[in-house]
Amino acid sequence: GRNYKINSNPLQILNLLLSTYESAVHKNLELAENEKELIMMNHSLEQKVGERKKELQDQLVQKIEAEKILKRSEEKYRELVDNALAGVFISDIRGDILFANDAMASLLEYQSVEELLSVNIRKLFKFPDDLDILTGRSGKNGKVNEFEAEFLLETGETKHVIISSSLEDDKLSGIILDNTDRKLSAERLSK
């Protein structure tokens, strides 16, 4: 290509080359320092990521263990409720039965829990206002123990019951015991 001519003395050229060399060495040292800082920051970041990963793994193990414990607890509770001799129920405040155990269906002389779930609990009370009283007391006090009521069976028979219940999140949950024999015996004795 083209030829260039430098009109400088050798000392000026040497000073220019030394200045360029010193600048390159200085830049190189800066780059080496920056690289060293980046390596240290990367190492620190990798260490923090490792620590966080271990924390998350520990939390995951704890969560899995808690879920296992909860599942076992739910299974035990479900078994207890399913095998209880007392009727157990949950209904919403409109009276729709959301849950009932076999003992509840049997107590009220229904063929199955599914059949009972299709009935509004209000229809079970001989005096429908009793449900409002029970719900009101449960809401006011948090719970009600030994509330006496009468249920009207499809056969027309009256079943005397004792209800213990609580109201939470617009859900009435309770236990019902058949009190008919005791009530009838007390009536016979009083005659």
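Let's start with Glu109: at 39% relative accessibility, this residue counts as partly exposed. Keep in mind that the model you're looking at is predicted.

Glu109 has a partner. Its side chain meets that of Lys159 in a salt bridge, at 3.9 Å from N to O. Lys159 sits in strand E4 and Glu109 in the loop between helix H2 (102-107) and helix H3 (113-117), so the pair ties together parts that are 50 residues apart in sequence. And is Lys159 buried or exposed? With 12% relative accessibility, Lys159 counts as buried.

That pair belongs to a bigger set, since a search of the whole structure turns up 9 salt bridges. Here are three of them.

| Pair | N to O distance |
|---|---|
| Glu55 and Arg52 | 3.0 Å |
| Lys159 and Glu109 | 3.9 Å |
| Glu148 and Lys183 | 2.9 Å |

Take Glu148 and Lys183 next. Glu148 is in strand E3 and Lys183 in helix H5 (residues 180-190), so this salt bridge joins parts 35 residues apart in sequence. Glu148 is partly exposed, with a relative accessible area of 43%, and Lys183 is partly exposed too, at 29%.

Glu55 and Arg52 tell a more local story. Both lie in helix H1, 3 residues apart, or about one turn of the helix. Glu55 is partly exposed at 41% relative accessible area, and Arg52 also counts as partly exposed at 41%. Elsewhere, Asp92, Arg94 and Asp96 are linked in a network of salt bridges.

Now for the empty spaces. The largest pocket has a volume of about 330 Å³. Of its 18 lining residues, the closest to the centre are Tyr77, Val88, Ser173, Gly174 and Ile175. Which element gives the most to this lining? Helix H1 does, with 4 residues. By class, the pocket lining divides into 10 nonpolar, 6 polar and 2 charged residues.

There's also 1 cavity of 30 Å³ or more, and about 30 Å³ of space lies in the largest cavity. Strand E1 (87-92) and helix H4 (129-141) are the elements that give two or more residues to its lining. The residues around the cavity include Ser91, Asp92, Leu131 and Thr135, so you meet Asp92 again here, the residue from the salt-bridge network. The lining of the largest cavity has 4 nonpolar, 3 polar and 1 charged residues.

Finally, look at the surface. Leu11, Leu14 and Leu18 make a nonpolar patch of about 290 Å². Leu11 is found in helix H1 (residues 10-82) and, at 56% relative accessibility, counts as exposed.

Conventions: Residues numbered from 1 in each chain as written. Predicted model: local features only at pLDDT ≥ 70, side-chain atom pairs only at ≥ 80, totals over all residues. Heavy atoms only, no water. 1 Å grid on protein atoms, 1.4 Å probe; cavity = no way out; pocket = protein on both sides within 12 Å on 5 of 7 lines; lining within 4 Å. Points joined across faces, edges and corners; volume = space filled by probe spheres on them. Nonpolar A, V, L, I, M, F, W, Y, C, P; charged D, E, K, R; others polar. Patch = residues over 30% accessible without salt bridge, like charges linked within 9 Å, V, L, I, M, F, W, Y side chains within 5 Å. Areas by Shrake-Rupley, 256 points an atom, 1.4 Å probe, with all protein chains shown as cover. Salt bridge = Lys/Arg side-chain N within 4 Å of Asp/Glu carboxyl O. Buried < 20%, exposed > 50% of the residue type's maximum accessible area, 1.4 Å probe, protein only.
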